[in-house]
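Dear colleague,

I am handing over the structure we spoke about, so that you can open it beside this message. Please have a look at it before reading on.

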Amino acid sequence: ESLSSSLLEIFYTAGEIARNNQQKVYVVGGFVRDLLLGKPNQDIDLVVEGDGQSFAEQLTEKLKGVMRYHEAFQTANISLENQLSLDVVTARAEYYEYPAALPQVEKSCIREDLYRRDFTINAMALCLNPDQFGDLIDFFGGREDLKNQQIRVLYHFSFIEDPTRIVRAVRFAKRYHFTIEEDTMRLAMDALRRGMVSRLSQERFWHEIMLILKEPNPIPALQELRYLNQRTDAMPQLENFELDEEAFYFAKNAADWWRENLKTPCRLDLLYLMILLLPLPESWRAQITPKLNIKSHFLQEMEKLEEVLPWVIQTDFQTLAWSEMDEKLHEFGAEALLYCMLKSQNRSRKKLRQYALKRQACKVETNGTRLIELGFQPGPDFNRILGQLYRMRLDDKIHTKQEEEAYLEQWKRGEKQT
Ligand code: CTP
């Protein structure tokens with residue numbers, strides 16, 4: 001009932017292809033968990049008993065999608081027109097050569113495939129073959145655990161083999177307001193005390209923390225991890241952060257405001273990351289940032305932000321012209337600008353919001369081609385001239401193309417050169 005007809009159509013198609021190939025296909029993992037919880041989830045993972053690659057090729061053709069095959073992981077990703085994307089894998093068993101290693105994989109059946117997973121609530125599948133369409137495959141009591149609202153591992157070595165699951169357990173528990181089942185908690189504490197998390201690469205550890213920052217409210221999970229660290233000393237990386245609840249709350253509202261009013265994306269997780277990292281001494285931050293899988297331009301923006309921050313904190317923006325603000329802030333995207341709002345005085349925040357809107361609406365109509373038509377010589381002056389037009393538009397000194405051109409005439413006559 002809760003699935004869209006287009007998604008159902010995809011599932012029926014997948015089931016038919018599998019039947020024709022004498023295979024079985026299942027939708028698995030988080031999608032099934034969230035379906036049973038009545039929560040929307042667009043991450044569709046299909047598991048095929050049999051050759052997943054040729055299945056994925058046929059499904060791609062039928063759905064007129066685009067497929068990418070990742071040889072290393074033996075997974076296929078199918079992108080569809082309506083922004084949906086499906087991951088297809090062959091049912092697999094995993095084994096770990098040593099604790100905290102990346103897993104080795106081999107072909108297998110759905111039961112083995114589900115057994116290797118992290119928690120019972122993530123280890124359910126729905127069959128898509130026509131004769132079993134919608135049958136729930138639940139070998140390990142996932143549905144019961146959903147009902148009892150608990151996070152439970154499937155086997156004793158789960159956290160030893162993959163210590164990232166300790167962080168995942170906390171993340172899911174806080175997301176759904178579940179508890180970590182008693183034995184599972186004991187196993188997690190045991191793995192922490194045995195130093196399993198320190199065997200993970202820093203990249204994997206920080207990847208999990210970034211996933212927490214993608215949650216609408218990451219604070220409870222971060223607090224819980226800190227508490228676990230206090231008891232075990234297993235995650236010293238988390239010791240130095242200040243968990244400023246008020247700042248996180250501000251950030252959430254500010255990001256909502258941005259999306260609603262500027263209608264452009266804003267990465268709340270990156271804003272949260274700034275709140276965590278920017279108050280740290282630079283030397284500490286420098287140890288963390290190379291481990292984060294984040295675009296370098298964002299890290300550069302964060303450095304720039306640190307330079308400008310003392311000015312942001314001290315300045316009363318009410319007294320500034322838009323172009324004066326722009327001089328310091330023009331390089332900043334949504335997240336950095338919202339961070340400035342967080343750090344600025346109350347009376348300045350409104351002006352910063354207006355600046356964001358104004359900057360977005362500010363368009364200079366003259367371009368390089370038009371300057372040449374008007375008789376200007378191409379060269380470095382072009383940037384100066386266009387920059388000047390932009391500042392004048394921002395400050396409402398000119399409003400139209402005609403006014404731009406009138407100003408350019410004055411420039412040409414040498415009356416305006418600054
Ligand atoms: N999984 C696992 N161990 C991990 C990571 C993932 O067993 N360390 C399994 C789980 O069964 C999970 C599936 O792989 O359901 C897909 O992983 P992921 O996309 O990270 O998890 P989701 O459950 O979809 O979580 P989210 O809702 O946060 O996307």
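What follows goes from the whole protein to its pockets, then to one helix, one cavity and one residue.

Please keep in mind throughout that this is a predicted model. The protein has 418 residues, of which 49% count as buried, and its secondary structure comes to 21 helices and 11 strands. Along its principal axes the C-alpha trace spans about 80 × 55 × 40 Å. Among the contacts with a separation of 6 or more, 63% are accounted for by residues that lie 24 or more positions apart.

The pockets come next. The largest pocket has a volume of about 1800 Å³, and of the 43 residues that line this pocket, Asp45, Arg116, Arg117, Arg168 and His207 are the closest to its centre. Several elements give two or more residues to that lining, including helix H2 (30–36), strand E2 (43–49), H7 and helix H10 (202–213); H7 gives the most, with six residues. Sorted by class, the lining of the largest pocket holds 18 charged, 14 nonpolar and 11 polar residues.

The second largest pocket has a volume of about 360 Å³, and of its 18 lining residues the closest to the centre are Met210, Lys214, Arg267, Asn293 and Ile294. H10, helix H13 (268–277) and helix H15 (296–314) are the elements that give two or more residues to this second lining, and the largest share, five residues, comes from H10. By class, the lining of the second largest pocket has eight charged, seven nonpolar and three polar residues.

Helix H7, which gives the most to the lining of the largest pocket, deserves a paragraph of its own. H7 covers residues 164–176, and for its 13 residues a rise of 1.5 Å a residue leads to an expected span of 18 Å, which agrees with the 19 Å between its end C-alpha atoms. Because 10 of the 13 residues of H7 are buried, this helix is largely enclosed by the rest of the structure; among the buried ones are Arg165, Ile166, Val170, Phe172 and Tyr176. H7 is followed by histidine 177, whose phi is positive, near 55°.

H7 also takes part in an enclosed space. A search of the whole structure finds one cavity of 30 Å³ or more, and about 30 Å³ of space lies in the largest cavity. Its lining is made up of Phe159, Ile166, Ala169, Val170, Ile180, Met185, Ala188 and Leu228, with H7 and helix H8 (182–193) as the elements that give two or more residues to it. H7 gives the most to this lining, with three residues. By class, the eight residues lining the largest cavity are nonpolar, with no polar and no charged residues.

One of the residues lining that cavity, Leu228, leads on to threonine 232, which lies in helix H11 (residues 219–232). The backbone oxygen of leucine 228 lies 2.7 Å from a polar atom of the side chain of threonine 232. Is threonine 232 buried or exposed? Its relative accessibility is 14%, so threonine 232 counts as buried, the cut-off being under 20%. Leaving aside residues up to four places away in sequence, threonine 232 touches Met189, Leu192 and Arg193.

With best wishes

Technical notes. Residues numbered from 1 in each chain as written. Predicted model: local features only at pLDDT ≥ 70, side-chain atom pairs only at ≥ 80, totals over all residues. Heavy atoms only, no water. Helix = DSSP H or I, 4+ residues; strand = E, 2+ residues; numbered from the N terminus. Expected span 1.5 Å × (residues − 1). Buried < 20%, exposed > 50% of the residue type's maximum accessible area, 1.4 Å probe, protein only. 1 Å grid on protein atoms, 1.4 Å probe; cavity = no way out; pocket = protein on both sides within 12 Å on 5 of 7 lines; lining within 4 Å. Points joined across faces, edges and corners; volume = space filled by probe spheres on them. Nonpolar A, V, L, I, M, F, W, Y, C, P; charged D, E, K, R; others polar. Polar contact = N/O pair within 3.5 Å; in protein donor to acceptor, adjacent residues only side chain to side chain. Contact = heavy atoms within 4.5 Å.
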